Amino acid sequence: MKAYIKGIGSISPQPGFGNEPFHAPVTYSEGVLRCIEPDYSTWIDQRAIRRMSKIIRIGVAAATLALKEAGIEKPDAIITGTGFGCVEDTGTFLDKLIENNEEALNPTPFIQSTHNTIGSQIALLLQCVGYNQTYSQRGLSFECALQDALMMLVENPENNILFGGVDEISDVSADFLKKLDLFSDCADSLGLFSQKQHGMIHGEGSAFFVINSSPSNAWAQIAGMASIYKPQSASEIVQQLNDLLNKASVSVEDVNLVFLGKCGDDRYDYLIHEVSNSLSHRTRKAVFKNLCGEYSNASSFALWLAAMMLKKGFVPDGILTEEKNIAKPIKVILIYNQYLNQHHSLLLLKACG
Amino acid sequence: MESKVNVIGMGVISAIGNSVDQSITSFESHTSGISPLTLFDTVHRYLPVGEVRYSNAQLSDMLGMEKKFNRSTLLGIYAARQAWRELNISKKWRTGIVSGTTVGGMDITEDLFRKYKTQDPTIDYHDIRDHECGSVTERIADDLGIRNTVATINTACSSSVNSIIYASRLIKHGLLDVAIAGGVDALTKFTLNGFNSLMILDKQPCRPFDETRNGLNLGEGAGFLILVSEKVLKEESLNPLCQIAGYANTNDAFHQTASSPDGRGSYLSMEQALKISRLATSEIDYINLHGTGTRNNDSSEGIAVQRLFKDTIPPSSSTKSFTGHTLGASGGMEAVFSVLSIMQGCVFPNLRFTSRMTELKFDPVVEFKRGLNINHVMSNSFGFGGSCSSIIFSKT
């Protein structure tokens, strides 16, 4: 698969903004991990920023960073994944609709509540008239965007494609999801998996990528992907994994590190445990949802972190599940994510150069 | 890459009927589905809409389902089962669903939000579980037993054309053999009030492409196509209804809600769709216009059509004059109508047209016409965020 990541950008609950390695991740004590937002004003017009809700801000910012890293002014396609969409503006409009009994409503939150607002704001800022697409498939939204981007690169090998995943937490959405017995309090998010009693912690974030067909100066190569909707057994996932590795000519022993999308709740993590047992003992296991929390597009955070690790050769604290050192430099990373045990995805990355 | 994508089945439900046959009867008899809103209690009940004439309870009974699902899910399953029912093919084919929706489970979320805000003790937070757009698609997928690909697109009013495009590409890339693609949207207070706050809802039945047009009427419904690869077509000895010849998705990059005056994005989507289809403008026999009835859309779209097709503008009409604007469902429903146009050699009337728009040199079709030789149909769907998509269906 000739798909090379040429630019990356992320706004997340972790540092590393500007794609700088970070060794000490931030820990959170309330079970809700919100983005660390940088000062955007040096590279996005301040008046524009003020009009944007958080999801649009973090989406536009991560996309802008990825394009800058790739040295691309205008991509040929903009493809976005978002599970819940613009929940803050949706909530604002609903709130006013009820409060004002459907009278005299400000249309702005309605206008900005549409899921494709993020992708269209990027297009508007860049004056990009090319392909513009938004997927909203819960825990596979980012994977749909990636699948589309990979197909587009086959259709048009000269293209530079911008794609990403973005979701936001609003006060109301956090409250709603907490009442569903989905997320729990956690005094130390970074230590989530070392605690006896644990459950999911709620996260948000935005990660965008530019891919094209040229390996020069790439962060990593995307060597393959697969999505599995409601798998009925671990063997179904293992089968998909073996197919994926075969197609990419990678043996299971070659995988230096696997990012497991465990969320901290055994109700959802049991298939991950089974599948990870089928991996080589030489493959180091890592987690990432203690850094970004659980949300529909957490796999996009994992891809950003994996690309950083492959290019810059660093391993942040708190992600390896065993104490052993990594013997060899990391050359191949597998991301195996799950969301509520309904959406599973595999993503294979290779180092470049 | 696999070259051809075949349409072999379809299903539709809207204000003009709950089947393909009922839809064509409505078109032929000029029976509009636009009427005053009855579906829910609202201060805007005087607004005309295109409602599906069944309550959620009735739809649930018709489908044999528990009375707990949101309206988009019910409408979606209704149309999807209709498209799916006669499909008698091997289980071996990799089968996926791609569906567009903009409201998802918003009808139930609205109620939940009211209870939340008023601290109503009867609140059940589990009602939020089907809020997400993707959940509607998953309910349909589970109902039909589809697992290979489940994808939802929300690009506002172009969502379901983009679904058909994505499904076609998955088949062309050999990632799927069979796909059900289209979209669904139910009427909700959220969208009714949203469009009302933008002051683009006509208080009268809408008049697309008319000089006196004054906004759109919202509608609801669902429309799905069944798409298969050449391999499936041959091995299963299926008769194609038509083929997907080409498509394009572009962006107007002009304004979050308004279209550019010269239809920059819509011109590009129509032009690129023709290019991919290897067709000349003169070969298009009918255009199913986006034609919402707003001042802005129809002017922008009409000018783009005129710029591209020049002096030979094909018969064109907006079926939204019958169904209302069904947002994320419109592209799917209008795809069904486009396929019908090819199958039955007919073009659909644009209701309530009286006077030509000053900026245009053409009138929409105003009579139902049958017995025509329709080989290629273009369908346009544009949406908020500058989303512009065009798709072309061709006779096999």
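## An exposed serine in chain A

With 9 C-beta neighbours inside 10 Å, A:Ser249 counts as exposed. The structure is a predicted model, so let us read it in that spirit, starting from this residue, which takes its place in the loop between helix H8 (234-247) and strand E7 (257-261) of chain A. A:Ser249 is not a glycine, yet its phi is positive, at about 50°. For background, most residues other than glycine have a negative phi.

## Two more spots on chain A

A:Asn101 is another non-glycine residue with a positive phi, here near 45°. Look for A:Asn101 in the loop between helix H3 (87-99) and helix H4 (108-111) of chain A. A:Asn101 has 10 C-beta neighbours inside 10 Å and therefore counts as exposed.

A:Arg51 belongs to helix H1 (residues 46-51) of chain A. Its 13 C-beta neighbours inside 10 Å make A:Arg51 partly exposed, because exposed residues have 12 or fewer. Along the chain, A:Arg51 and A:Thr108 are 57 residues apart, while their C-alpha atoms are separated by 9.7 Å.

## How chain A is divided

Chain A is assigned two domains: domain 1 (4-212) and domain 2 (220-350). Taken over C-alpha atoms, the centres of domain 1 of chain A and domain 2 of chain A are 21 Å apart. The contact between them involves 47 residues of domain 1 of chain A and 37 residues of domain 2 of chain A.

Which elements give two or more residues to the side of domain 1 of chain A that touches domain 2 of chain A? They are strand E1 (4-11), helix H6 (141-155), strand E4 (161-167) and strand E5 (205-212) of chain A. H6(A) provides the largest share of that side of domain 1 of chain A, with 6 residues. Sorted by class, the side of domain 1 of chain A that touches domain 2 of chain A holds 23 nonpolar, 20 polar and 4 charged residues.

## Strand E5 and its partners

E5(A) deserves a look of its own. Of its 8 residues, 8 are buried, so E5(A) is largely enclosed by the rest of the structure. A:Gly205, A:Ala207, A:Phe209 and A:Ile211 point one way from E5(A), A:Ser206, A:Phe208, A:Val210 and A:Asn212 point the other way, and all are buried.

E5(A) runs antiparallel to E1(A), and 7 bridges join the two. E5(A) also runs antiparallel to E4(A), again with 7 bridges. A:Phe209 in E5(A) links the two pairings nicely: A:Ile8 stands opposite A:Phe209, and A:Phe163 stands opposite A:Phe209 as well.

## Helix H11 and the nonpolar core

Helix H11 (residues 298-312) of chain A has 15 residues, and its first and last C-alpha atoms are 21 Å apart, close to the 21 Å expected at 1.5 Å a residue. Is H11(A) mostly covered or mostly exposed? H11(A) is mostly covered, with 13 of its 15 residues buried. After H11(A) comes A:Gly313, which has a positive phi near 60°.

The largest nonpolar core has 232 residues, and those touching the most other members are A:Ala66, A:Ala306, A:Ala307, B:Ala179, B:Leu225, B:Leu227 and B:Val339. Leaving aside residues up to four places away in sequence, A:Ala307 touches A:Ile5, A:Ile8, A:Trp219, A:Ala220 and A:Leu349. A:Ile8 is thus a familiar name, as the residue opposite A:Phe209 in E5(A).

## How chain B is divided

Chain B also comes in two parts, domain 1 (5-235) and domain 2 (243-394). The centres of domain 1 of chain B and domain 2 of chain B, taken over C-alpha atoms, are separated by 20 Å. Here 64 residues of domain 1 of chain B are in contact with 56 residues of domain 2 of chain B.

On the side of domain 1 of chain B that touches domain 2 of chain B, the elements supplying at least two residues include strand E1 (5-13), helix H1 (20-28) and strand E7 (221-229) of chain B. The largest share of that side, 8 residues, comes from H6(B). By class, that side of domain 1 of chain B has 29 nonpolar, 27 polar and 8 charged residues.

## Where the chains meet

Between the chains, 46 residues of chain B are in contact with 45 residues of chain A. Among the elements of chain B that supply at least two residues of the side touching chain A are helix H4 (106-117), helix H7 (189-197) and strand E8 (242-251). H7(B) gives the most to that side of chain B, with 5 residues. The class count for the side of chain B that touches chain A is 15 nonpolar, 23 polar and 8 charged residues.

Technical notes: Residues are numbered from 1 along each chain as its sequence is written. Chains are lettered from A and ligands numbered from 1 in the order in which they are written. This is a predicted model: local features need pLDDT of at least 70, side-chain atom pairs count only at pLDDT 80 or more; totals for chains, interfaces and linings use all residues. Domain bounds come from an automatic or database domain assignment. Two residues are in contact if their C-beta atoms, placed from the backbone, lie within 7 Å. Helices (H or I, at least four residues) and strands (E, at least two) are DSSP runs, numbered from the N terminus. Ala, Val, Leu, Ile, Met, Phe, Trp, Tyr, Cys and Pro count as nonpolar, Asp, Glu, Lys and Arg as charged, and the others, Gly among them, as polar. The expected span of a helix is 1.5 Å times one less than its number of residues. A residue is buried if 20 or more other C-beta atoms lie within 10 Å of its own, exposed if 12 or fewer, and partly exposed in between; C-beta atoms are placed from the backbone. A nonpolar core is a set of buried Ala, Val, Leu, Ile, Met, Phe, Trp, Tyr and Cys residues joined through C-beta atoms within 7 Å. Two strands pair if DSSP finds at least two bridges between them.
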